[in-house]
Amino acid sequence: MVKLRLANGGSRCAGRVEIHYRGQWGTVYGSYWDLQDAAVVCRELGCGTAVSAPSLAHFGEGSGPIVTLSVKCSGTEAALRDCESAQWDHYSYSHSYDAGAICSDHRYPRLTSGDSPCSGRLEIQYGENWGTVCDLDWDLKDANVVCSQLQCGVAVSVPRYAHFGEGTGLLRTDIFECTGNETSLLDCRLFQGTQQECSHRNDASVICSGKHEPRLVDGTNRCSGRVEVRHGDQWGTVCDVYFDLEDANVVYEHLQCGTTESHPYKKSFTLSRNLYC
């Protein structure tokens, strides 16, 4: 069975085209690689349509063999294997021409204008374009996914009203409905909101705990107590606005304490407001 993936692009819908063939992952030589070829990759992966078809190892050089080259798709094929190309094999060409694809469903977050890589104004890459997010329906569960995706711990706060300054350019009104346990924004349900109540004055912000684990203090054991996270060199408490059992489960998962539903001390789980409110 042939497997296909996009690697090193930030989500499963963008990156270097890689094919698992004859027991090894390999890449596609990007000579003649174009948007029609990338369109087939995006369709095969269930990632919408192609918005870009970078080559010249745009997403870094891969490893292993080159599986195929001189790919010529019409753009309507169901799978890359159906396209005209050189015979699939294990070639030893340079990886400096590795082909890539960016699909319309690609969504990758970044935090800008904050005081650390783990805090700032939320901007999301949609396809090739970056845009800010309206904060009207943005909450801690959504922010938890961003922090997880950026390897920044758990969400501490979601300040409103362009807390880290107003962005420019594209303003998205998408409404994310995350449970808080997803590993990527691609896994969250997405709805289209309305522009009527949004401007860059409503740009969403996220403050993550950073690459430090949270802790529980003043409880009866290590799995109960007040939630505290370290921000820089300081420990602080977590704002309890919108904080619920699903958010608490994220903390419990980090601490390997099971879930709040099953834990006998869940009713003594004390929450406090903190300096980020």
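**View 1. Y91 and Y93 form a stacked pair of tyrosines in this predicted model.**
Y91 counts as partly exposed, at 22% relative accessibility. Buried would require under 20%. Y93 is partly exposed too, with a relative accessible area of 41%. Why does the pair of Y91 and Y93 count as stacked? The ring planes lie at 5 degrees, and planes under 30 degrees apart count as stacked. The ring centres of Y91 and Y93 are 5.5 Å apart. Both tyrosines belong to one aromatic cluster, which Y29 and Y97 complete.

**View 2. Y21 and W88 meet edge-to-face.**
The count of aromatic pairs comes to five. In the pair of Y21 and W88, the ring centres are 5.6 Å apart. Their planes stand at 85 degrees, so the pair is edge-to-face. The cut-off for that class is over 60 degrees. Which parts of the chain does the pair link? Y21 is in strand β2, residues 14-21. W88 is in the loop between β5 (66-68) and β6 (100-103). The two residues are 67 residues apart, and the pair links distant parts of the chain. Y21 and W88 are both buried.

**View 3. Two charged side chains sit over aromatic rings.**
R5 places its charged end over the ring of W25. The distance to the centre of that ring is 3.7 Å. K72 lies over the face of Y32. Here the distance to the ring centre is 5.7 Å.

**View 4. Helix α1 packs against four strands through its buried residues.**
Helix α1 covers residues 35-44. Which residues of α1 are buried? They are D37, A38, A39, V40, V41 and C42. The buried residues of α1 pack against β1 (3-11), β2, β4 (50-52) and β6. At the start of the helix, D34 offers a side-chain oxygen to the backbone of Q36. That oxygen reaches to within 3.1 Å of the Q36 backbone nitrogen. Just after α1 comes G46, with a positive phi of about 70 degrees.

**View 5. T132 is a buried residue of strand β9.**
Strand β9 spans residues 129-133. Is T132 buried or exposed? T132 has a relative accessible area of 1%, so it is buried. Its side chain makes a polar contact of 2.8 Å with the side chain of D203. A polar contact of 3.4 Å joins the side chains of T132 and H200. Leaving aside neighbours within four places in sequence, the contacts of T132 include R121, L122, G167, L170 and R172. H200 and D203 are also among them.

**View 6. Strand β9 pairs with β8 and with β11.**
β8 (residues 119-126) and β9 run antiparallel and are joined by four bridges. E123 has T132 as its bridge partner in β9. Two residues lie between the strands of this hairpin. In the hairpin, G127 takes a positive phi near 65 degrees. In which sense do β9 and β11 pair? β9 pairs with β11 (residues 171-172) in the parallel sense, over two bridges. In β11, L171 is the bridge partner of T132. Both bridge partners, E123 and L171, also appear among the contacts of T132.

Conventions. Residues numbered from 1 in each chain as written. Predicted model: local features only at pLDDT ≥ 70, side-chain atom pairs only at ≥ 80, totals over all residues. Heavy atoms only, no water. Phe/Tyr/Trp six-rings, centres within 6.5 Å; stacked < 30°, edge-to-face > 60°. Buried < 20%, exposed > 50% of the residue type's maximum accessible area, 1.4 Å probe, protein only. Lys NZ or Arg CZ within 6 Å of the ring centre and 35° of its normal. Contact = heavy atoms within 4.5 Å. Polar contact = N/O pair within 3.5 Å; in protein donor to acceptor, adjacent residues only side chain to side chain. Pairing = 2+ DSSP bridges.
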